[in-house]
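Thanks for making the time this morning. I would like to take you through the empty spaces inside one protein model, and through one place where two of its helices pack together.

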Amino acid sequence: MSLTARIGELSPYLRLLRPELYYMDLTLPASSAILASYLATGELPEILPFLVAVVGGFAAITSSYVFNDCCDIDIDTINLPGRPLPSSKVSKNSAMLYAGLLLLIAGAAAFYLNPESLVVLFIAAATITIYSIFAKRNTFLSFLPVGISYGLVPIGVWLAFDPAGILKGSDGVILPLPAICFGLMMCVTDWAFTLGGVARDVEGDRLKGAPTMPVTFGIPFTARFVTFWWIVGVIASVIIGWSAHLGPVFFAGALASGLWMLAQCIDFIKHPTPERGGALFLNGSNYRAVMFGSMILDVVLCIYIGSYTSILW
C-alpha cells in the first residue's frame, strides 16, 4: 500500500498533523534536545524533560499546520481537496480548537522546561500567524516568516536544556555557536522546503490571488531560488557538526543526505513543474529527518564510546 493510501486511512485529526512529515517533526526537537544536553553537560538529557520537549516541539510545529489549513481552505479546495478541511471531514471551528489545544500543549511543555522556551514559542507562534493570516495573501516574500518561525523551534528546545540565563540560570553563554547554526540551518532550509510545497500549490494560489513566488516569478525561478537555500542549508549542517565537534556518523549522514537533496534540487531545475515541487517538498522532509537522525546517533556514540570523537578531533 502506498504512503498516500495509508495516510488516507488515518483519522482526519491525525491527517491534519501531516503524517508524511512525522519523522522530521519528531527528530527535530529530539536532536535539538540531545545535542544541547550533550554540549552543556556531556550527557544525554533526562528522560522526562526529553519526552516533554519532543512532545511540546511536535505540538508546536503541528499546531501551525492545522492553523494554516484553517486559513487556506479556499486554496486547498483547488490544490488538495482530499485534506480534512476542504473535504468537510473536519469543520473549521473544530480545527481551530484543535490548533489551540496543540499550542496549549506546546506552551505547557515550554513553561515546564524553561520560561525562556515559552518566550521563544510566543515569538514563533506570532510569526507563523503573520504568514497564515497576512503574508501569504499579500507578498511573494511570505516564505520568510515561515523560516523564521521554524528556525526558532530548535532554539526554544535548546534553551530548555542549556538556558540563556535571562530568565533562568546558565553558564553565562546566551547561545553557543552550534545552537545559532542549528536555528539558521532550520530557517533557510524551511524557506526552501516551504517554497517546494508552494510550487505544488501554484494553481490554487493563482486563482485565489495569493502572490507567492511561483505565482509572481514562475516555477523555474523558484526552483533556482530553492536550490540556493538548500545549498546554504547543507553547508550550515556541516558547520553545526564542526562547531559541536561531532563525529563521522553525523558528517557521513549529513553529507550523503545533503548531496542527495541537492541532486533532487537539480532535477527540479530541469523539470520545474508543480508535481516536482511537491515531490521536492517531501524530499526536504526526508533529508532533514535523516540528518537529525544522524545527529542523534552520533551524539550517543560521542557519549558512550570514549575514543569516538578522537577519530576526527
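I will begin with how confident the prediction is, then go through the cavities, a pocket and a helix pair.

Please keep in mind throughout that this is a predicted model. The chain averages a pLDDT of 94, and 95% of the residues score at least 70. Confidence is lowest in helix 1, residues 3–8, where the mean is 53, and it is highest in helix 13, residues 248–270, where it reaches 98.

Let me turn to the enclosed spaces. Rolling a probe the size of a water molecule over the atoms shows where empty space is left. For this model the count comes to 2 cavities of 30 Å³ or more. The largest cavity has a volume of about 360 Å³, and of the 27 residues that line the largest cavity, those closest to its centre are Arg18, Asn68, Tyr131, Thr194 and Phe281.

Which helices supply this lining? At least two residues each come from helix 3 (22–41), helix 4 (47–71), helix 7 (115–133), helix 8 (143–161), helix 9 (177–200) and helix 14 (274–304), and it is helix 9 that gives the most to the lining of the largest cavity, with 7 residues. In terms of chemistry, the lining of the largest cavity divides into 12 nonpolar, 4 polar and 11 charged residues.

The second largest cavity holds about 30 Å³ of space, and its lining is made up of Phe140, Ser142, Phe143, Thr194, Leu195, Val198, Thr212 and Met213. Here too helix 9 provides the largest share of the lining, in this case 3 residues. By class, the lining of the second largest cavity has 5 nonpolar and 3 polar residues, with no charged ones.

From the cavities I move to a pocket, namely the second largest one, which contains about 470 Å³ of space. This second largest pocket is lined by 30 residues, and Ala60, Ser63, Leu103, Ala106 and Leu121 are the ones nearest its centre. The elements giving two or more residues to that lining are helix 4, helix 6, helix 7 and helix 8. Its lining residues comprise 21 nonpolar, 9 polar and no charged ones.

Finally, consider how helix 6 sits against helix 7. Helix 6, residues 92–113, packs against helix 7 at an angle of about 150 degrees, with the two axes 7 Å apart, which means that helix 6 is roughly antiparallel to helix 7. On the helix 6 side the contact involves Leu103, Ala106, Gly107, Ala110 and Phe111, and these meet Pro115, Ser117, Leu118, Leu121 and Ala125 in helix 7. The residues of this contact divide into 8 nonpolar, 2 polar and no charged. Among them, Leu103, Ala106 and Leu121 also appear among the residues nearest the centre of the second largest pocket.

Technical notes: Residues numbered from 1 in each chain as written. Predicted model: local features only at pLDDT ≥ 70, side-chain atom pairs only at ≥ 80, totals over all residues. Heavy atoms only, no water. 1 Å grid on protein atoms, 1.4 Å probe; cavity = no way out; pocket = protein on both sides within 12 Å on 5 of 7 lines; lining within 4 Å. Points joined across faces, edges and corners; volume = space filled by probe spheres on them. Helix = DSSP H or I, 4+ residues; strand = E, 2+ residues; numbered from the N terminus. Nonpolar A, V, L, I, M, F, W, Y, C, P; charged D, E, K, R; others polar. Axes fitted to C-alpha atoms, helices over the stretch in contact; angles between N-to-C directions. Parallel < 35°, antiparallel > 145°, perpendicular 65-115°, else oblique. Contact = heavy atoms within 4.5 Å. pLDDT = per-residue confidence, 0-100.
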